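Please read the following explanation alongside the sequence and the model. It goes from the sheet to the cores and then to individual side chains.

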Amino acid sequence: MMKRTNAPLAGVRIADFTIHAAGPYCTHLLSQLGAECIKIESRTRPDAFRKPHAVYGRMQAATFDQVSANKLSVRLNLKQAEAVALAKRLVAVSDVATESFRAGVMNRLGLGFEALREVKSDIVLLSLSSCGQSGPDSHFAGYAPLFGAWGGLGWMSGYSDGPPVEMRHVMDHSAGLHAAVATVAAMHQRRRTGLAQHVDLAAREVASAMIGDALVQASAGMTPVRPGNADLGMAPHGVYRTAKPDRWLTLAVRNDDEWGKLLQVLCRECSDVRFATAQGRLKHREDLDRLVSYWLATCDADAMAGRMQEAGLCAHVSWNMQDIASDPHLLARQALVEVRSPDIPPRLAVGAPGRFGGTDDVGIRRLTPTLGQDEDYVFGELLGLSSAQRSDLEAREIIY
């Protein structure tokens, strides 16, 4: 069994009932910080992202790998009362329980907050759902694009002359990140007060939390528009095509001094008085973008980005995944780590972004578990079930 004694969340155990992406990403982050995360599924209702698909040389879903590394796996058929009882026993020896079902599902399973508090008086329960545990819309289900659409973030993403942009993984991960922070806050509160806590997080409200400036504009009687790559205070500001196909340069010019530096780097003169001041460049940003696009169209993106950075400009190539995977800086910082398993070749995975002095226990330490892989430890060591008891429960499809 993997022990991570020096990690920040070492000693924290999570009974993880979450599914799909947003909830599992929350517990994935906590597991990278050292929490022991026990994922609860069943053969009849496995996580929807456990889909057979040839990825990285094995029949496993990439999305599931992305949010399930480090975790332990057990099977419990929660439609059976005895399985629910075992789930409660697991919660009783855990610090946190997490779920991402529709509001009311955990109560119907017999695993709602009050039921869990009876077996663990100071339990922290995180409930991450589409619309929250209360309110007229609490019964609605949803997934990432709906969170962004419902929360207004989709409307504010895209170009002003085009449709809203569907928000996908960024919404799941944003909701999961908020959930992880809320869970850690609830654990801190529990340490101060000794009391249980039910954290109720709505993914659509996470999206709405990201559009504060647009809401301010709307409340002032203005009509917010999709900005594309534009910025309210900078021009030029965007992503520009360069000489190589699909090699884009991201550029932001903050003031008149930087505009002058840009002209020097590009070896250009600009006699158009409309672009002489920041106010003028903002007012005529569309014409300015066309001009900058023309200038950059014949440039090498990487070389030009380097020259701009040396001049003190905010510029970088919009990196693709191969750029990320081969970046010496990320590899040196172990932002990308090599993970190994007996049945697949070594491959890179995204490591924990945070660094903690005095420990190297943070990050990914093992690959995605197979369904039920850790039942010897969980059911045997933690819950004390004998081999005969487990065999009986498996035969009756309680552990299934």
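Which residue is the bridge partner of I40 in β5? The partner is V74. The model in which this pairing is found is predicted, so local features are reported only at pLDDT of at least 70 and side-chain atom pairs only at pLDDT 80 or more, while totals for chains, interfaces and linings use all residues. Residues are numbered from 1 along each chain as its sequence is written, and side-chain values use heavy atoms, with hydrogens and water left out.

The protein chain has 17 helices and 13 strands; these are DSSP runs numbered from the N terminus, with helices being H or I of at least four residues and strands being E of at least two. Its C-alpha trace spans about 85 × 50 × 40 Å along the principal axes. Of its 400 residues, 47% are buried, where buried means under 20% relative accessible area, exposed means over 50%, and partly exposed lies in between (1.4 Å probe, protein chains only). Among contacts (heavy atoms within 4.5 Å) with a separation of 6 or more, 68% are between residues 24 or more positions apart.

The pairing of I40 and V74 belongs to an interface between two strands: β2 (residues 36-41) and β5 run parallel and share four bridges. Two strands count as paired if DSSP finds at least two bridges between them. In general, strands of a sheet pair through backbone hydrogen bonds, either parallel or antiparallel. Here, an open sheet of six strands follows the order β5-β2-β1-β6-β7-β8, with parallel pairing. Its edges are β5 (72-75) and β8, each of which pairs on one side only. Neighbouring strands are turned against each other by 20° on average, direction ignored; the axes are lines fitted to C-alpha atoms, for helices over the stretch in contact, and angles run from 0 to 180 degrees between N-to-C directions. Elsewhere in the sheet, β6 (residues 96-99) runs parallel to β7 and is joined to β7 by four bridges, with A97 opposite L125. At the β5 edge, L72 and V74 point one way and S73 and R75 the other, and all are buried.

The next topic is the packing of nonpolar side chains. A nonpolar core is a set of buried Ala, Val, Leu, Ile, Met, Phe, Trp, Tyr and Cys residues joined through side-chain atoms within 4.5 Å. The largest such core has 33 residues, of which I14, L30 and M171 touch the most other members. Two or more residues each come from α1 (22-32), β7 (124-129), α6 (144-151), α7 (169-193), β8 (197-202) and α8 (203-208), and α7 gives the most, with six. A second, separate core of 32 residues includes L86, A97, L111 and L125. Leaving out residues up to four places away in sequence, M171 touches A144, F147, G148, L153, A203, V206 and A207.

How many aromatic pairs does a search of the whole structure find? There are two. Rings of Phe, Tyr and Trp (its six-membered ring) pair if their centres lie within 6.5 Å; planes under 30 degrees apart count as stacked, over 60 as edge-to-face and the rest as tilted. F140 and W150 form an edge-to-face pair, because their ring centres are 5.3 Å apart and their planes stand at 75°. F140 lies in the loop between β7 and α6 and W150 in helix α6, so the pair ties together parts ten residues apart in sequence. F140 is partly exposed, at 36% relative accessible area, and W150 is partly exposed at 31%. W259 and W295 are stacked, because their centres are 6.3 Å apart and their planes are at 25°. This pair links helix α10 (residues 256-266), which holds W259, to helix α12 (residues 285-296), which holds W295, and so ties together parts 36 residues apart in sequence. W259 and W295 are both buried.

Two arginines sit over rings, which requires NZ of Lys or CZ of Arg within 6 Å of the ring centre and within 35 degrees of the ring normal. R226 lies over the face of W155, at 4.3 Å from the ring centre. R43 lies over the face of Y400, at 4.7 Å from the ring centre. Y400 is in the segment after α17 (387-395). Its C-alpha atom is 8.7 Å from that of E41, although 359 residues separate the two along the chain. Beyond its neighbours within four places in sequence, Y400 contacts E41, S42, R43, T44, R75, L76 and N77.
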